[in-house]
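Visitor: Hi, could you walk me through this model? I'd like to start with the core.
Guide: Happy to, here it is.

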Amino acid sequence: MDKSIIRKDMKAKRLQMKTETFSLYNQQIFEQVLSHQQIQSASMIACYVSLVHEVNTLKIIQELLKTKRVCVPKVEGEMMNFYEIHSLDDLKEGYFHVLEPTVSNLVLPQDIDCMLVPMVAFDDKLYRVGYGKGFYDKYFALKHHYYKIGIAFEFQKVKEININKFDIALDEIITEANRYKR
């Protein structure tokens, strides 16, 4: 399926979700993420900062910061880099209206153990549709061996995504209802 059609369809579906359902699904994903073996054993976790109507990562980040080192992305030119934060106060609105780190503690890709990845949609082969700028696929192309976990709502699963040579599959995707692994 064409990525631009998927983006439009999924954004509409997320907007239609009832507040109670959104809260329930977020709580279920939150519990699965925090109890995940890869998260439990990681010392440095990279996590995106969610937009409205995405799986809420602010609560996940806050909880992780109690016991783990956490880094979040910042778009810098054509690339995305990750910076270690110590609280949500280390964030301010940046590129694409996403909260980005204001700190300068750059984290190298090889220092990341596990990464929580955003998506608009995903398929059975664990390919994802992002927002179209390719920042995560460029970062994944650096070929470091952190475990990549996508988090999404179950309705974001599609039958198939038309992939290109730059697309890189995730290791696992967690929804409120299932875990999909390679």
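Visitor: Which residues have the most contacts inside the largest nonpolar core?
Guide: Phe82, Ile112, Met115 and Ile151 have the most contacts inside that core, which has 51 residues. A nonpolar core here is a set of buried Ala, Val, Leu, Ile, Met, Phe, Trp, Tyr and Cys residues joined through side-chain atoms within 4.5 Å. Buried means under 20% relative accessible area, exposed over 50%, and partly exposed in between, with a 1.4 Å probe and protein chains only. Another core, of seven residues, lies apart from it, with Ile6, Met10, Val158 and Ile161 among them.

Visitor: Before we go on, what sort of model is this?
Guide: This is a predicted model, where local features need pLDDT of at least 70 and side-chain atom pairs count only at pLDDT 80 or more, while totals for chains, interfaces and linings use all residues. Residues are numbered from 1 along each chain as its sequence is written, and side-chain values use heavy atoms, with hydrogens and water left out.

Visitor: Back to methionine 115, what does it touch?
Guide: Leaving aside residues up to four places away in sequence, methionine 115 touches Ala46, Phe82, Tyr136, Tyr139, Phe140, Tyr146, Tyr147, Lys148 and Ile149. Contact means heavy atoms within 4.5 Å.

Visitor: Now the sheet. What is the strand order?
Guide: The order is 6-3-2-1-7-10-11-12, in an open sheet of eight strands with mixed pairing. Strand 6 (106-107) and strand 12 are the edge strands, each pairing on one side only. Two strands pair if DSSP finds at least two bridges between them. Helices (H or I, at least four residues) and strands (E, at least two) are DSSP runs, numbered from the N terminus.

Visitor: How do strand 1 and strand 2 run, parallel or antiparallel?
Guide: Strand 1 (residues 44-47) and strand 2 (residues 69-76) run parallel, joined by three bridges. One pair to look at is alanine 46, whose bridge partner in strand 2 is cysteine 71.

Visitor: And strand 2 with strand 3?
Guide: Those two run antiparallel, with seven bridges joining them. Valine 75 stands opposite methionine 80 of strand 3. Their hairpin has two residues between the strands, and glycine 77 there takes a positive phi near 70°.

Visitor: How many residues of strand 3 are buried?
Guide: Five of the seven residues in strand 3 (residues 79-85) are buried, so to speak of it as mostly covered is fair. Strand 3 also joins strand 6 through two bridges, and that pair runs antiparallel.

Visitor: Switching to helices, which residues of helix 1 are buried?
Guide: Lys3, Ile6, Arg7, Met10 and Arg14 are the buried residues of helix 1. They sit on the same side of helix 1 because they cover an arc of only 100° around the axis; the arc is that of the directions from the helix axis to the C-beta atoms. These buried residues pack against strand 8 and strand 9 (128-129).

Visitor: What is on the face turned away from that side?
Guide: That face of helix 1 carries the exposed residues Ile5, Lys8, Leu15 and Gln16.

Visitor: Last one: is proline 118 buried or exposed?
Guide: Proline 118 is buried, with a relative accessible area of 7%. Its place is in the loop between strand 7 and strand 8 (121-122), and its contacts, not counting residues up to four places away in sequence, are Tyr48, Glu54, Arg128 and Tyr136.
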